[in-house]
Protein chains: 2
Amino acid sequence: MDKQSIYDDLKKRILTLELEPGTALDEASLSKHYQISRTPLREVLRGLAGEGCVEIVNNRGAYVSSMSHKVLRDFFITAPMIYSAIGRLAAQNAKPAQIQEMSEIQEKFRAAIESGSSADMVYWNQCFHALMGEMADNPYLKPSYDRLLIDHARISQTFYRPRDPEMSKRNIDALAHHDQMIGAIESGDSQAIVDLIVEHWELSRDLIEYFVKPDPLAFEMAAVNE
Amino acid sequence: MDKQSIYDDLKKRILTLELEPGTALDEASLSKHYQISRTPLREVLRGLAGEGCVEIVNNRGAYVSSMSHKVLRDFFITAPMIYSAIGRLAAQNAKPAQIQEMSEIQEKFRAAIESGSSADMVYWNQCFHALMGEMADNPYLKPSYDRLLIDHARISQTFYRPRDPEMSKRNIDALAHHDQMIGAIESGDSQAIVDLIVEHWELSRDLIEYFVKPDPLAFEMAAVNE
DNA sequence: TCAATATTAAATGTATACAATATGTATACT
DNA sequence: AGTATACATATTGTATACATTTAATATTGA
């Protein structure tokens, strides 16, 4: 397994919460697991730290980056601005080959939703939005955008409930948004893509609110007053 | 010299253009220069790559990141949005100790301008704006902001002419902006800081335009027609 | 002479051994 | 008993030797 594959594998395990926020990433165990020496493994961990997946503390090793309330708040403040900017630039700069690739990813995403595979949904959704970042082709926005996507995936996983029928409905909506986004990018319609991204964002935000502020459990007032 | 110092030193040399864009960063030479083995030096280079100072090509080493026309364009597109957002957040979140520190940095900056030391001006200006990024305290915006600051310093250096009287005038203006920014942050005035940042940005932008589109050299039409 | 291939030198990439640091445990002391 | 200190263990950080890849040069053939 080469370094890039190890990088991708670790990132995937962090995004899917298989490695939960705060988990210690022990160099010896990982290098044994991936059958590679500690030197290149350390470089992988430091690479992931640069992307925000991992936090490194001096002389105390690497940890999967945390997801505090503060982080959640910053995420809600920041995502709409960056997502809109990336979308606008993507509509302006997307190359035909990238649009083709995006269509293919979208079909994989559609298949994942139809099959109900939660891990695949997260993965192909991630690919879709990461590709939009590539289309935007702006080295200054990319690091922030990528970091937002990482936490977006983790937050979504946290609040996703595969058995809730409300989820299927939202997935269908998200899928439709993606289709429309591809159309807007093809026609280079900046305003359309920004509108779609705002709509898509609100879907995601509402999903999270839906679970942060759920309906209280049923209870009998009479029983309490007895 | 410890790893952090080496990191800082290299970053400073890149910012001040002592190490020009595209310069190859040879591991052996650098490790000899800093009296450290290649292993930790490689980690430093990869750290700088994560920040955007350095580009690493597989099996071909590290280079000071380039400054193409494309980069310049992306810089102009992106900086106003991120700078404004950071400024707004700084006004909202700055801690008293940080405001104190900013005042101290500003005095160093003032001294640098009065003494006319170009390198010190770049350095303390960088510190001022980097601290504003700390005040904003937003992990999603920070990586983009830091990358913008790096290239902002390099672009400014490229177009700075210490002997031009126009420069001194602009320096005085920049200094005044900084003073006003500290005031706006102290009073938590978001609107004021955004206005100041836009003004400050325009100063910087005009400076660059002033040298990208200079007045043509004098010539005699008559001579051409002879 | 030019092109293609083989060889060689120099660089990066990896493994491993050793050093420094941090944590946990045991022991001594108040 | 509780705290502090000393020691032991485990983990990270660094140096160095070796492997691999790249690039430059030399050599051979047409």
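In this predicted model, a phosphate oxygen of DNA strand C is 3.5 Å from an N or O atom in the side chain of Asp26(B). That pair belongs to a surface of 17 residues that surround DNA strand C, while 16 residues surround DNA strand D. Within chain B, helix H4 (residues 69–93) also packs with helix H7 (residues 142–159).

**Surface near DNA strand C**

- Among the 17 residues that surround DNA strand C, the closest are Ser37(A) and Arg60(A) from chain A, together with Arg38(B), Arg42(B) and Asn59(B) from chain B.
- Of the atoms of DNA strand C that come within 4 Å of the protein, sugar and phosphate account for 65%.
- The side chain of Arg38(B) has an N or O atom 2.9 Å from a base nitrogen of DNA strand C, whereas a polar side-chain atom of Arg46(B) lies 3.0 Å from a phosphate oxygen of that strand.
- Helix H3 (38–51) of chain A and helix H3 (38–51) of chain B each supply at least two residues of the surface near DNA strand C.
- Sorted by class, the surface near DNA strand C holds 9 charged, 5 polar and 3 nonpolar residues.

**Surface near DNA strand D**

- The closest of the 16 residues that surround DNA strand D are Arg38(A), Arg42(A) and Asn59(A) from chain A, with Ser37(B) and Arg60(B) from chain B.
- Sugar and phosphate account for 66% of the atoms of DNA strand D that come within 4 Å of the protein.
- Phosphate oxygens of DNA strand D lie 2.6 Å from an N or O atom in the side chain of Arg42(A) and 3.4 Å from a polar side-chain atom of Asp26(A), while a base nitrogen of the strand is 3.0 Å from an N or O atom in the side chain of Thr39(B).
- For DNA strand D, too, H3 of chain A and H3 of chain B each supply at least two residues of the nearby surface, which divides into 9 charged, 5 polar and 2 nonpolar residues.

**Packing of H4(B) with H7(B)**

- The axes of H4(B) and H7(B) are 10 Å apart and meet at an angle of about 125°, so H4(B) counts as oblique to H7(B).
- H4(B) passes H7(B) in a left-handed crossing, with a contact to which H4(B) brings Val71(B), Leu72(B), Phe75(B), Thr78(B), Ala79(B), Ile82(B), Tyr83(B) and Ile86(B), and H7(B) brings Tyr145(B), Leu148(B), Leu149(B), Asp151(B), His152(B) and Ile155(B).
- By class, the contact of H4(B) with H7(B) comprises 11 nonpolar, 2 polar and 1 charged residues.

Note on methods: Residues numbered from 1 in each chain as written. Chains lettered and ligands numbered in written order. Predicted model: local features only at pLDDT ≥ 70, side-chain atom pairs only at ≥ 80, totals over all residues. Heavy atoms only, no water. Near = heavy atom within 4 Å. Polar contact = N/O pair within 3.5 Å; in protein donor to acceptor, adjacent residues only side chain to side chain. Helix = DSSP H or I, 4+ residues; strand = E, 2+ residues; numbered from the N terminus. Nonpolar A, V, L, I, M, F, W, Y, C, P; charged D, E, K, R; others polar. Axes fitted to C-alpha atoms, helices over the stretch in contact; angles between N-to-C directions. Parallel < 35°, antiparallel > 145°, perpendicular 65-115°, else oblique. Left-handed = near helix turned anticlockwise from the far one by under 90°. Contact = heavy atoms within 4.5 Å.
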